[in-house]
Amino acid sequence: MLKSIRNSLVLTSLLYVVLGLLLLLFPGLSLGLARLLVGGVTLIYGVVRIVSYVKGGQQDSFELFIGVLLALLGLFLLAFMQFFMALVPFVLGVYILVDSIGAVKRSLDMRALGYGRWWLSCLVAGVLAVCGLVMIFDPFSTLEGLVMFIGLGFLFDGVYTLVNTLLFERLSR
């Protein structure tokens, strides 16, 4: 294995492990930093486009419009990100709840058709309905759980890639 590829894989793996641990151990802080990053970058990009329009003396008012729109969006995200952060799990929870109600109906249809394990499908649909309700009524803990799950994914991927890279290098010698 080329040394530069190996070094790149090891570095990326270590960064994934660190990111995964940060997301797992500090999900609330990670969400706050993400909010600041997304809102801040959007605001800065909007201001840069406005300044570019003003300094360039351009006649293209679309550039100014996009700059103002991005700057306002950045400010809005910084000020009201909690609303958006609560909206995503809520909408996902409604979707899961509605889908699970349909799954309960399908499992009851399977029972009517004589399928012996209809109850298993009904049980899974019931668990999904409970998950949907939790997401609807407690979106902030759900969001932190989602961040922790993403962190677990990064951690697993980082460790897996690191171990495979080092094993491959050892086996190829």
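Start by selecting Arg-49, which sits in helix α2, residues 27-56. Helices here are DSSP runs of H or I with at least four residues, strands are runs of E with at least two, and both are numbered from the N terminus. Before going on, please note that this is a predicted model, in which local features need pLDDT of at least 70, side-chain atom pairs count only at pLDDT 80 or more, and totals for chains, interfaces and linings use all residues. Residues are numbered from 1 along each chain as its sequence is written, and side-chain values use heavy atoms, with hydrogens and water left out.

**Stop 1: around Arg-49**

Is Arg-49 buried or exposed? Arg-49 is buried, because its relative accessible area is 17%. The cut-offs are under 20% relative accessible area for buried, over 50% for exposed and partly exposed in between, with a 1.4 Å probe and protein chains only. Now show the residues that Arg-49 contacts, leaving aside its neighbours within four places in sequence: Glu-63, Ile-66, Gly-67 and Leu-70. Contact means heavy atoms within 4.5 Å.

**Stop 2: from Leu-70 out to Ser-4**

Keep Leu-70 selected and add Ser-4. Ser-4 belongs to helix α1, residues 3-25. With a relative accessible area of 54%, Ser-4 is exposed. Draw a line between the C-alpha atoms of Ser-4 and Leu-70: they are separated by 39 Å, and the two residues are 66 residues apart along the chain.

**Stop 3: the whole chain**

Zoom out and switch to a cartoon view. The protein chain has five helices and zero strands, and its pattern along the sequence reads α-α-α-α-α. The chain is more spread out than a compact globule, because its radius of gyration is 24 Å, well over the 16 Å that the globule rule gives for 173 residues. That radius is taken over C-alpha atoms, and the rule is 2.2 Å times the number of residues to the power 0.38. Turn the model along its principal axes and the C-alpha trace spans about 75 × 55 × 30 Å.

With a surface on display, you are looking at about 11,800 Å² of accessible area, 77% of it belonging to carbon and sulfur atoms. The areas come from the Shrake-Rupley method with a 1.4 Å probe, and for residues only the protein chains shown count as cover. Of the 173 residues, 26% count as buried. Among contacts with a separation of 6 or more, 73% are between residues 24 or more positions apart.

**Stop 4: the nonpolar core**

Which residues make up the largest nonpolar core? Select these seven: Leu-23, Leu-31, Leu-77, Met-81, Met-85, Leu-143 and Val-147. Two elements, α3 (61-112) and α5 (139-172), give two or more residues to this core. The largest share, three residues, comes from α3. A nonpolar core is a set of buried Ala, Val, Leu, Ile, Met, Phe, Trp, Tyr and Cys residues joined through side-chain atoms within 4.5 Å.

Now centre on Val-147, which lies in helix α5. Its relative accessible area is 9%, so Val-147 is buried. Not counting residues up to four places away in sequence, Val-147 touches Leu-23, Pro-27, Ser-30 and Leu-31. Pick out Pro-27 from that group: Val-147 and Pro-27 are 120 residues apart in sequence, yet 5.8 Å apart in space, C-alpha to C-alpha.

**Stop 5: helix α4**

Finish at helix α4, residues 118-137, where you will find Val-134. Val-134 is partly exposed, with a relative accessible area of 43%. Leaving aside neighbours within four places in sequence, Val-134 is in contact with Pro-139 and Thr-142. To relate this site to the core, add Leu-77, one of the core residues. Val-134 and Leu-77 are 25 Å apart, C-alpha to C-alpha, and 57 residues apart in sequence.

Your last selection is Leu-133, also a residue of helix α4. Leu-133 is partly exposed, with a relative accessible area of 36%. How far is Leu-133 from Leu-97, C-alpha to C-alpha? Their C-alpha atoms are separated by 6.7 Å, with the residues 36 apart along the chain.
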